[in-house]
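Visitor: I am new to this structure and should be grateful for a close look at a single part of it. Please begin with one residue and proceed from there to its wider setting.

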Amino acid sequence: MALEDGKDPLVNLRFNHNRPLPLRLLQFFLLFLVLGLGVSIVSMYMVRYFGVQNVAGVKRSNIIVPCFQEPDNSQNWFKPPPKLLHKMNDTQLFWRASFVPQIKEYPFKRVPKIAFMFLAKGPLPLAPLWERFFKGHEGLYSIYVHTTPSYESNFTSSSVFYKRQIPSQVAEWGMMSMCDAERRLLANALLDISNEWFILVSESCIPLHNFSIIYRYISRSRYSFMGSFDELGPYGRGRYNWNMLPEVALEDWRKGSQWFEIDRRLAIDIVKDTTYYPKFKAFCRPACYVDEHYFQTMLSIKSPHLLANRTLTWTDWSRGGAHPATFGKADIKVEFFKRIFEGHACIYNNQPTNVCYLFARKFAPSALDPLLGLASKVLGY
């Protein structure tokens, strides 16, 4: 049965049902358009006021790192470690310290520093004198302290020695563990790329001049100061062991003071050495005192042209015995220092000079007060 207009009622029904579809599509399209514009506006606002890292990044320890950008860690190579205490063992430490830049021009402003390395059993009784010596010269020196492992210093945060202890191990007199401690000091100091010169001192050492004189003397020297000489008697060649061959021949055997100053190149040579170390560890034992022979012999073989063949640390051996003289309160007089300063001659940059010593030892804790009293007049600081 048809309607009056002659159209099929089923066709009319389908037509009325499909009629709203275009309107729905238009509504969905407008909704997505509005949402898209909203997200875009919000994103632009966040980028403008919070930075792109906050929008497209991940958070690590309160630092936003962009997903599409590598963090800039280059400063980690330029700056010294923020803390001296670390978990590296000696093998890892020496390996890390032996890294050598192949491009000699530094990509940052480098101020060469002196690393003062204190090899001590525990306390530093002469620290107040050293504090006065260092005062006003920040940025030109670094300090490293090796002690017995159980010792904990109590320096205040205002002290130059505050938190300057390195991870340490027991060092026995005359044994290879003493040289291990010295290598450990060198390796930790090498981690600071600005350290150019390395001075080994003990808790009983004092500076004989002010900081400016010592810095100028060391920085202008063409040579490093490692005592290294051929002694023919029982305390020199008499300590040689033929098992040192073939790495060390008798004519290469050298002796010298334990206390040295070397530049960065020689410090790296000491730290990376695996050729001479096993020989000295196995065959230089008391009465062969390895700290008087190992570095002295090795460097005289590898780099004799870089050594001044003398020490910068004055020591009095005139009383005889296995240990030098120790000076206490009663010894500290102006005449005592005249004895150290006068009557010496040596070579500096191939020219004669009478300024031969920059440091002296051994001073007892009782010497501190008179030293502080004479320092400005006699020592210049």
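Guide: In this predicted model, N309 has a relative accessible area of 40%. This value lies between the limits of 20% and 50%, so N309 counts as partly exposed. N309 is found in the loop that runs between α11 and β8 (313–314). Its backbone has a positive phi of about 60°, although N309 is not a glycine.

N350 may be described in the same terms. N350 is not a glycine, yet its phi is positive, at about 70°. The loop that holds N350 runs between β9 (346–348) and β10 (351–353). With a relative accessible area of 45%, N350 is partly exposed.

The backbone also deserves attention at its cis peptide bonds. One of them joins P286 and A287, with omega at about 15°. A287 belongs to the loop between α10 (277–283) and α11 (294–302), and α11 is also the helix that borders the loop of N309. Another cis bond leads from R361 to K362, where omega is near 0°. K362 sits in the loop between β11 (359–360) and α13 (368–379).

R361 leads on to the largest pocket, which has a volume of about 1,200 Å³. This pocket is lined by 44 residues, and those closest to its centre are Q258, W259, W317, P324 and R361. By class, its lining consists of 17 nonpolar, 17 polar and ten charged residues.

The enclosed space is a separate matter. There is one cavity of 30 Å³ or more, and the largest cavity has a volume of about 40 Å³. Among the residues that line this cavity are G122, V145, Y151, F161 and Q165. The lining comprises five nonpolar and four polar residues, with no charged ones.

V145 falls within β4 (141–146), and β4 belongs to an open sheet of four strands. The order of the sheet is β4-β3-β5-β7, with mixed pairing. Because β4 and β7 (261–263) stand at the edges and have a single partner strand each, one side of each is left without a neighbour in the sheet. From one strand to the next, the twist averages 20°.

Within the sheet, β3 (residues 113–119) pairs with β5 (residues 195–202) in the parallel sense, over seven bridges. Among the bridge partners across this pair, A115 is matched with F198 and F118 with V201. On the pairing of β5 with β7, the sense is antiparallel and there are three bridges; here F198 stands opposite I262. F198 therefore has a bridge partner in β3 and another residue opposite it in β7. Strand β5 is mostly covered, as eight of its eight residues are buried.

Helices lie across these strands. Helix α6 crosses β3, β4 and β5, and runs at about 180° to β3. Helix α7 (residues 176–190) lies across β3, β4, β5 and β7, at about 150° to β3.

The loop between α6 (127–134) and β4 holds H137. H137 is buried, because its relative accessible area of 18% is under 20%. Leaving aside residues up to four places away in sequence, H137 touches F211 and S212. Thus H137 is buried, whereas N309, the residue chosen at the outset, is partly exposed.

Methods: Residues numbered from 1 in each chain as written. Predicted model: local features only at pLDDT ≥ 70, side-chain atom pairs only at ≥ 80, totals over all residues. Heavy atoms only, no water. Helix = DSSP H or I, 4+ residues; strand = E, 2+ residues; numbered from the N terminus. Buried < 20%, exposed > 50% of the residue type's maximum accessible area, 1.4 Å probe, protein only. Contact = heavy atoms within 4.5 Å. 1 Å grid on protein atoms, 1.4 Å probe; cavity = no way out; pocket = protein on both sides within 12 Å on 5 of 7 lines; lining within 4 Å. Points joined across faces, edges and corners; volume = space filled by probe spheres on them. Nonpolar A, V, L, I, M, F, W, Y, C, P; charged D, E, K, R; others polar. Pairing = 2+ DSSP bridges. Axes fitted to C-alpha atoms, helices over the stretch in contact; angles between N-to-C directions.
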